[in-house]
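Trainee: I am new to this structure and should like to be taken through it step by step. May we begin by looking at it together?

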Amino acid sequence: MDEASILPLPESFLQFLQENGIDPSIYTASDSTPRYLRLKPGGEDHVQEIEADLKCKLEKVVWLPGFYSLPPHVQIANSKAYKEGKLYGIDAASGAAVSALNVSVGDHVLDLCAAPGAKLCMILDLLGNAGSVTAVDISRNRLAACRTLLQKYALGDRCRLFVADGTKFSIIPVRDHSSPRSCEYTLGEEKNIFKEWTSRRSWKERKKTAKARKLGSLVVGEESDYPELIFYGRDSGVVGLNKNEVCQAESGSGVSTRGYDKVLVDAECTHDGSIRHVQKFERWGWETLHQRVLNVERSDTLTTLQLKLLQNGFRLLKVGGLLVYSTCSLTVTQNEDVVEWFLKQNASAELLEITAAGDWPCKSGRIPKTLRFDPVTSKTSGLFVAKITKVDI
């Protein structure tokens, strides 16, 4: 019996998989690929309680600290532990990408494509009580979901969220601002002073915001290249600064010493590495899959976007810093080809071995030092990971 008769996939998609060296059998593995969750620090003491809540056994992921697997049919959203912010869902492959970044206490981290926010939560968990995270996404709605997660898990103190185009974002971390002052934030004026964030805005302030947006005096990320700050924690380096100080773009050599210590570029892609995502096309219609995954013009546009995101993330990385590029696509064009193009264009970029990967259940990518996760080999969603540093030349 041929593959086409076994798998509920159109011939065009099977040909796409063959051209990219992808085993079609991975899309039959949804019933055996577990779900994953990460416990908040300290959550290990409550595993039995969480198991009773979820009505299933949690299996510790031995190769990734803090991660547990559970049967694929188990839903966590209605559990008490989830509602109380003790755990969050994140695939183990995504956790590996964050782990490859080697986040340390005190780092200033840039998450250039932050939504929907699970990796952002993990970065903040690893960051501890020093440093900052700057998270960027072009979609206000998706970034607002990140804001909700930060508030749910009480992780926002050292984070700021910008609605902005990640290919053009130019704001570096605030490293020297150590004496915040609580001042009023007045919309529509050139020197707005940011006070401590609160999710509860007064009716008067919300009305003033709406009026400013309507009049065009409040410049927002989706309407221009100017980034919109929609969330800032009290220790994110924003409180007490004015708008110009926070949003000052950096385009010169100062980035080499004042840029980000770590940068994550989890780029927009076709998501063909996700079994559950591909299976949705059975409901959406295979024509939709053709438009979103197989369309050559869209694919070319995506790889251009991915390269621009990688280039800009690297530009904002300081010398000696670390950048991780990842996608949940299994195609060569969105992964190894993008990395190869980037390395040819950037003499100061050096591909690094991911030393922690010695125990990871993954394969080597087509470029040495890069990694690939997939449902068959790794029992995770598909993911490509490359780790890059900036050297002084």
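The conversation below goes from the whole chain to single residues.

Mentor: This is a predicted model, in which local features need pLDDT of at least 70 and side-chain atom pairs count only at pLDDT 80 or more, while totals for chains, interfaces and linings use all residues. Residues are numbered from 1 along each chain as its sequence is written, and side-chain values use heavy atoms, with hydrogens and water left out.

Trainee: How many helices and strands are there in the chain?

Mentor: Helices (H or I, at least four residues) and strands (E, at least two) are DSSP runs, numbered from the N terminus. Counted in this way, the chain has 15 helices and 14 strands.

Trainee: What percentage of the residues of the chain count as buried?

Mentor: A residue is buried under 20% relative accessible area, exposed over 50%, and partly exposed in between (1.4 Å probe, protein chains only). Of the 393 residues, the buried share is 55%.

Trainee: Which element gives the most residues to the largest nonpolar core?

Mentor: A nonpolar core is a set of buried Ala, Val, Leu, Ile, Met, Phe, Trp, Tyr and Cys residues joined through side-chain atoms within 4.5 Å. The largest has 49 residues, and Leu120, Leu161, Trp360 and Phe373 have the most contacts inside it. Elements that each supply at least two residues include helix H5 (92-99), strand E6 (132-137), helix H7 (140-152) and helix H6 (118-127). The greatest contribution, six residues, comes from H6.

Trainee: How many residues are in the second, separate core?

Mentor: This core includes Leu112, Val174, Tyr232 and Leu317. Its number of residues is 39.

Trainee: Is Cys328 buried or exposed?

Mentor: The UniProt annotation "active site", from an unreviewed entry, covers Cys328; such annotations may be inferred rather than shown by experiment, and their positions are given in the numbering used here, with feature names shortened. Cys328 is in the loop between strand E10 (317-327) and helix H15 (336-345). With a relative accessible area of 19%, Cys328 is buried.

Trainee: Why do the buried residues of helix H3 (47-54) line one face of the helix?

Mentor: The buried residues in H3 are Val47, Ile50, Glu51 and Leu54. The arc is that of the directions from the helix axis to the C-beta atoms. Seen down the axis of H3, the buried residues line one face because they fall within an arc of 105 degrees.

Trainee: Which exposed residues does the face of H3 turned away from its buried side carry?

Mentor: The buried residues of H3 are covered by elements including strand E1 (35-39), strand E3 (67-70), helix H4 (80-83) and strand E4 (87-89). On the face turned away from that buried side, the exposed residues are Gln48 and Ala52.

Trainee: Which residue takes a positive phi just after H3?

Mentor: This residue lies in the loop between H3 and strand E2 (59-60). Its phi is about 60 degrees although it is not a glycine, and it is exposed, with a relative accessible area of 73%. The residue is Lys55.

Trainee: What is the phi of Ala154?

Mentor: Ala154 is in the loop between H7 and strand E7 (159-163). A relative accessible area of 66% makes Ala154 exposed. Although Ala154 is not a glycine, its phi is positive, at about 55 degrees.

Trainee: Which residues does a cis peptide bond join?

Mentor: One of the two, Pro116, is found in the loop between strand E5 (108-111) and H6. The omega of the bond is about 10 degrees, and the residues joined are Ala115 and Pro116.

How values were computed: Contact = heavy atoms within 4.5 Å.
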